[in-house]
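Here are my notes on the model. Please read them with the coordinates open.

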Amino acid sequence: MKLISWNVNSVRARIENIKNYIKDSAPDVLLLQEIKTQNENFPNDEFKNLGYTSYVFGQKSYNGVAIISKHKLDNGRKRFIKDELKKSRVITAELKLKKKKIELINIYVPNGNPVD
């Protein structure tokens, strides 16, 4: 199984790069961070045409995470942690592979913000 994590810094701006990467490396699961788009604007069809299903927790302008998978995922959750600021930074799902359950947790952790 090949699992890839990538901070794409805007999925729509980088869609051709992402599609080329998928064609070249054929990951089973691709975890994307900082997708910078709302769910309804996510390029689901682009991934579907490559044989992948998209699980998206988007947000306008900043943040946003997605799991792109060749395999069916179960129990997708967007509220893994309680976030009072309502930032789209964590998405989880379960992957069943050869009678094993794998918990996928995709987290976007930005840096450079003051602690205060």
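1. Start with the loop between β1 (3-7) and α1 (15-25): S10 sits there. This is a predicted model, so please treat each point below as a reading of a prediction.

2. The backbone at S10 deserves a look. Its phi is near 105°, a positive value in a residue other than glycine. Most residues other than glycine have a negative phi. Is S10 buried or exposed? S10 counts as buried because its relative accessible area is 16%, and the cut-off for buried is under 20%.

3. A second positive phi occurs at N75, where the value is near 50°. N75 is again a residue other than glycine. Its setting is a strand, β5, which covers residues 73-77.

4. Next, the pocket. The largest pocket has a volume of about 220 Å³. Lining this pocket are 13 residues, and those closest to its centre are I81, D83, K87, R89 and V90. What is the make-up of the lining, by nonpolar, polar and charged residues? Seven are nonpolar and six are charged, with no polar residues in the lining of the largest pocket.

5. Now the surface. F80, I81, I105, I107 and V109 make a nonpolar patch of about 450 Å². I81 is one of the patch residues, and I81 is also among the residues closest to the centre of the largest pocket.

6. Within that patch, take I105. This residue belongs to strand β7, residues 100-107. I105 has a relative accessible area of 37%, so it is partly exposed. That value fits the patch criterion of over 30%.

How values were computed:
Residues numbered from 1 in each chain as written. Predicted model: local features only at pLDDT ≥ 70, side-chain atom pairs only at ≥ 80, totals over all residues. Heavy atoms only, no water. 1 Å grid on protein atoms, 1.4 Å probe; cavity = no way out; pocket = protein on both sides within 12 Å on 5 of 7 lines; lining within 4 Å. Points joined across faces, edges and corners; volume = space filled by probe spheres on them. Nonpolar A, V, L, I, M, F, W, Y, C, P; charged D, E, K, R; others polar. Patch = residues over 30% accessible without salt bridge, like charges linked within 9 Å, V, L, I, M, F, W, Y side chains within 5 Å. Areas by Shrake-Rupley, 256 points an atom, 1.4 Å probe, with all protein chains shown as cover. Salt bridge = Lys/Arg side-chain N within 4 Å of Asp/Glu carboxyl O. Helix = DSSP H or I, 4+ residues; strand = E, 2+ residues; numbered from the N terminus. Buried < 20%, exposed > 50% of the residue type's maximum accessible area, 1.4 Å probe, protein only.
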